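Visitor: I'd love a close look at one part of this protein, with enough background to see where that part belongs. Please go slowly, because I'm new to reading structures.

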Amino acid sequence: MVDLPYDYLERVKRQLGASYPAFLKSYEEERTYGLRYNPLKIEKETLRQALSAQQITTEQVPWAAEGLYYPADTHPGRLPLHEAGAYYIQEPSAMVAVELLDPQPGESVLDLCAAPGGKSTQIAGRLQGKGLLVCNEVISKRAKALSSNIERMGVTNAVVLNETPQRLAERFPAFFDRILVDAPCSGEGMFRKDVQARGEWSYAQTQLCAKRQREILAQAVQMLKPGGVLVYATCTFAPQENEQNAAWLVQEYPSLRLTAQEQIWPHLQRGEGHFAARFIKEGTVFAQAAAELSDRKNRGPVSEEFYQFCEQTLTAQARERLLEGVRSGRLAAFGEQLYLLPPGIRSLDGLKTERAGLQLGCCKKRRFEPAHALAMALHPDEVSQTVELAEPERYLRGEQIGCGTQKGWTLVTVCGCSAGWGKASAGVLKNHYPKGLRR
């Protein structure tokens, strides 16, 4: 039996009444495990078949189309397909927030408290590379982990920021179509797996969390367009952090209308626990403060080597799509590094930026070296040559592999999912999998 705080149990007993014994019994059972397939890189059934071949059976998560349960005694996070971004390991109940948010391709979306990236990458899958995704995390170390997951999942239209909600509200008034606030909370839904969360819990802490959550929500409301959708989520059961904050929000901001509210309990659903509330900001969109990217000072000339790379490595359709972004003024140079920024974003000047859109690569003297992020964002049918790995573990360790008669930059794939670059020469594929990611 999990050792739980006495005051916590007493409060939940009052909340649940007759169903409290069933809730308590749930702590004696195995916790749930889940993953989300990545529609940017793989089809759901293709992934299920690939996992089945590894003796990992999956079941559908009922409240999330992308979600799958997997058995506790298996380890899909260790497979090469995970490194290739085919799926994201995520607790099933956490998937409900983005389901309520329901982002649509072409919209501008903010994930305000985004690390480590589970909900951001779920949003990215729904956007299908169209529109703008701003992912923010105030803690620098966590922002780096967030950026790494955005890269692994092949997201092309996301900016990762390391800012406070207050600073963002100043820069993005009435800007976003949809905002997710997955706020820091007391973490009661993580008690079965997180000893530290249990040890840190107190009634005073839930009160402190509720106050901080309201401060964050106040900034989020300022950034939401009229007609836009705000989803507030936590992984706790505390009423003062959940229902009471939802009630406070509509009382404090009459333009907000509460349209849905979900609480997942571990004794009622197959999930550890999550709360989510959906609001619509009433009003007419007529004078938005949104502006196109105006920062030009980081722009630099594109080297001839970059165009040569595009000509030699990408298919005509993929090349035209990439160069259209360049022609539209969305190319940004930070030193030798080239990035393609998503359309519709404001200037990034003065903002702490961890990832400025899609990293294309590095313009070095007389050569262009493509970024790992670009490889992860490409599909095999968008490049002129690929190598499907028979032994992907060797590539992930950084080993060279054979490649026949191919020559030049080659997209390396695992079960049809891009995993990185190799450069072919004389029958050998030089490994360009980043050293920091190697096993």
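Guide: We'll begin with the chain as a whole, zoom in on a helix, and then visit some loops, cysteines and a strand.

One thing to keep in mind is that this is a predicted model. The chain forms 15 helices and 21 strands. Its radius of gyration is 23 Å, close to the 22 Å that the globule rule gives for 439 residues, so the chain is as compact as a globular protein of that length. If you boxed up the C-alpha atoms along the principal axes, you'd need roughly 70 × 55 × 30 Å. Of the 439 residues, 58% are buried. Take the contacts between residues at least 6 apart in sequence: 70% of those join residues at least 24 apart. As for the outside, the accessible surface is about 18,900 Å², and 49% of that belongs to carbon and sulfur atoms.

Now for the close look: helix 6, which runs over residues 118-127. How many of its residues are buried? The count is 10 of the 10, so helix 6 is largely enclosed by the rest of the structure. Remember that "buried" here means under 20% relative accessible area. The buried residues of helix 6 include Lys119 and Arg126 as well as Ile123 and Leu127. Here's a handy bit of background: an α-helix has 3.6 residues a turn, so residues three or four places apart point the same way.

Both ends of this helix deserve a glance. On the way in, Pro116 sits in the loop between strand 5 (108-111) and helix 6. The peptide bond joining Ala115 and Pro116 is cis, with omega at about 5 degrees. On the way out, helix 6 is followed by Gln128, which has a positive phi near 55 degrees.

Another positive phi turns up at Gln55, near 65 degrees, and Gln55 isn't a glycine. Look for Gln55 in the loop between helix 3 (44-52) and strand 2 (59-60). Is Gln55 buried or exposed? With a relative accessible area of 64%, Gln55 is exposed. Gln55 also has a partner from another loop: setting aside residues up to four places away in sequence, Thr74 touches Gln55 and Ile56. You'll find Thr74 between strand 3 (67-69) and helix 4 (80-83). Thr74 has a relative accessible area of 13%, so it counts as buried. Thr74 and Ile56 are 18 residues apart in sequence, with their C-alpha atoms 6.5 Å apart.

His267 is a loop residue too, placed between strand 10 (256-264) and strand 11 (274-281). Its relative accessible area is 18%, so His267 is buried. Not counting neighbours within four places in sequence, His267 is in contact with Leu16, Ser19, Ala22, Phe23 and Ser26.

On to the cysteines. A disulfide is a covalent bond between the sulfur atoms of two cysteines. How many disulfides does the structure hold? Zero! Cys185 is in no disulfide, and the nearest cysteine sulfur, in Cys235, is 3.4 Å away. A disulfide needs the two sulfur atoms within 2.5 Å, so you can see why that pair doesn't count. Cys185 is buried, at 17% relative accessibility. Then there's Cys417, whose sulfur lies 7.2 Å from the closest cysteine sulfur, in Cys415, and that is too far for a bond. Cys417 has a relative accessible area of 1% and is buried, whereas Cys415 is partly exposed at 42%. Cys415 belongs to the loop between strand 19 (408-414) and strand 20 (417-425). Cys415 has a positive phi as well, about 50 degrees, although it is not a glycine.

Our last stop is Leu338, in strand 13 (residues 337-340). Leu338 is buried, with a relative accessible area of 3%. Leaving out residues up to four places away in sequence, it touches quite a list, including Phe306, Leu331, Leu358, Leu360, Cys363 and Phe368. For a sense of distance, Leu338 and Cys135 are 203 residues apart along the chain, and their C-alpha atoms are separated by 20 Å.

Technical notes
Residues are numbered from 1 along each chain as its sequence is written. This is a predicted model: local features need pLDDT of at least 70, side-chain atom pairs count only at pLDDT 80 or more; totals for chains, interfaces and linings use all residues. Side-chain values use heavy atoms; hydrogens and water are left out. Helices (H or I, at least four residues) and strands (E, at least two) are DSSP runs, numbered from the N terminus. The radius of gyration is taken over C-alpha atoms; the globule rule is 2.2 Å times the number of residues to the power 0.38. Buried means under 20% relative accessible area, exposed over 50%, partly exposed in between (1.4 Å probe, protein chains only). Contact means heavy atoms within 4.5 Å. Accessible areas come from the Shrake-Rupley method with a 1.4 Å probe; for residues, only the protein chains shown count as cover.
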